[in-house]
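Visitor: I should like to learn how to read burial, strand pairing and surface patches in a model. Could we begin with a strand?

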Amino acid sequence: MLRNWAVRYWFSFSTTGLLLGTLFFAASLTPTLIPRNYLTQGVLSGLSAAVGYGCGFFLRWLWRYLELPELRAHILIAGKLIAAIACGIVGLAFLWQASEWQNSIRRLMQLAPVDTAHPLEVGAIALITFVVLVAFGRLFKRTLVFVSEKLRRFVPTRVSYVIGTTIAVFLFWSAADGIIFRYGLRVMDSSFQRLDELMPAETRQPAEPGKTGSAASLVRWQDLGRMGRSYIASGPTAADIGQLTGKPAKEPIRVYVGLQSGDTPQQRAKLALEELKRAGGFERSTLVIVTPTGTGWVDEQAIDPIEFLHNGDVASVSAQYSYLASWLSLLVEPGYGAEQSRALFSEIYGYWHTLPRDTRPKLYLFGLSLGALSTELSNELFEVLGDPYQGALLSGPPFASRIWHSITDDRNPGSPEWLPEFRDGSYVRFTAQKNALDIPGAQWGPLRLVYLQYASDPITFYETHALYSEPDWMKTPRGPDVSPELRWYPVVTFLQLTLDLAMATTAPMGYGHVYAAEHYIDAWMQVADIKDLSPDEIARLKQHFADKRK
């Protein structure tokens, strides 16, 4: 009985679908930007196989729909057997090579090589994923056929299939939208909110009256959220800075307003301005408006360096706008933090603009990931041209960044997409792990924009058209942290990059979407026009941050 069921189940599969599914499975084992473990590889491979099977099934259906000649039954049976053997050989061959493909990325990212890609585990997880997804596909088909049969009594057969397909798509999309996207995002948002409320035992409320969250502060400690409390409580002290630089240093000022501190972005922005005034932020030589990532996290790898470079004579201000991780916000609502970023910029810039030019601090903007996109949207150039701020540093700009895309697409001929050059370099420049900002003959204008981006960052280089065409960043010359074994495959590369998008922050420091402090130093020196440091001092500062994370 079980044997008969298994035979019937096997013959229910499309031969064309299995062949194409196997090719998709094999291609999914090749590397993209981020190293994978056997669990993520298994899920990706199963998904790829299911998508390939679906494409093959559709081609088979189209063949029949066009009433093209059919092969005889005994030929089909033999063909299915041959296809099964071929599928097995191809799958095993690619599984055998998978560990070396993963090591081609790991070597570039200075990770220990793996001895095996765990082919049994990958195969088992892929098979389970494939079967589950095919089951959903068959449920969709049954729904389509059921609706079409009911309609056939009233409309022609082909019309009934069109209507049935439309209704089935609507039903499944409504279920996915309601259950997966809406309910799932609510659950994740609630989970991230509860996580944001946690207060680690080692994070204590500051006693110094000048610090945000202290008893004298306008912002309550409990309203800062987990990310805000961590940001305020950490960071270098004046003693830390002075000990490294050997120069007199000030205590850096950090102002942060949590999502619970106000009901609207405007309320939180006004509170941030008043807290910045109270803390003396406008009395420093340098002021940085920081847009955090989706969770409210401010990357200390980015802010610590400028505090050291200015010997602590720096104030920074930031306001939380979300609990969700940036990659989720990017997929669901790319402009999620723009309203808060614009409100904060309007308040800070509006007050800064009224101060005497010779005594006010130099004003800079910073954003990482979704914060970079929101920083781009915080102001328009025509609004500040009369009295421009001094510059902006944006790291890991997301693929959805409109200004970044426009500049990258219009880059100078011959410069690669992962490290473009734009016009004469007077307004915007790009850099990566190795400093690329000193462009021969280029002179900065009054407003400086620097993008720090890694070629291995899928948050930046995720492209939907990878579904059907090879992205420019895959072409030679490639970035130094991109595997030479990476190849473009229709559909499959898109699925791989989608997984990379979610796994971007699992890369080691200095690769993927994890930006290292020592790589910020050259970028900040260009943006803030810092020229009074010797090469030895710069090297010592870079080494300090490199040693700190070991």
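Guide: Certainly; please note that this model is predicted. Strand 7, residues 448-452, is mostly covered, with five of its five residues buried.

Visitor: Which residues of strand 7 lie on each side?

Guide: R448, V450 and L452 lie on one side, L449 and Y451 on the other, and all are buried, so that both faces are covered, given that buried means under 20% relative accessible area.

Visitor: How many bridges join strand 5 to strand 7?

Guide: Strand 5, residues 391-395, is joined to strand 7 by five bridges, and the two run parallel. Within this pairing, A392 has L449 of strand 7 as its bridge partner.

Visitor: In which sense do strand 6 and strand 7 pair?

Guide: Strand 6, residues 428-431, pairs with strand 7 in the parallel sense, over four bridges. Here F430 stands opposite Y451.

Visitor: Let us turn to a helix. How many residues of helix 18 are buried?

Guide: Helix 18 spans residues 517-527 and is mostly covered, with 11 of its 11 residues buried. Among them are the charged-letter positions E518 and D522, as well as Y520 and W524. After helix 18 comes D529, with a positive phi near 55°.

Visitor: Which residues form a nonpolar patch on the surface?

Guide: F57, F58, L59 and W61 form that patch, and together they have about 410 Å² of accessible area. F58 is placed in helix 3, residues 38-65.

Visitor: Why can F58 be counted in a surface patch?

Guide: F58 qualifies because its relative accessible area is 44%, which makes it partly exposed, and patch members need over 30%.

Definitions and conventions
Residues are numbered from 1 along each chain as its sequence is written. This is a predicted model: local features need pLDDT of at least 70, side-chain atom pairs count only at pLDDT 80 or more; totals for chains, interfaces and linings use all residues. Side-chain values use heavy atoms; hydrogens and water are left out. Patches are made of residues with over 30% relative accessible area and no salt bridge: like charges are joined within 9 Å, nonpolar side chains (Val, Leu, Ile, Met, Phe, Trp, Tyr) within 5 Å. Accessible areas come from the Shrake-Rupley method with a 1.4 Å probe; for residues, only the protein chains shown count as cover. A salt bridge is a side-chain nitrogen of Lys or Arg within 4 Å of a carboxyl oxygen of Asp or Glu. Buried means under 20% relative accessible area, exposed over 50%, partly exposed in between (1.4 Å probe, protein chains only). Two strands pair if DSSP finds at least two bridges between them.
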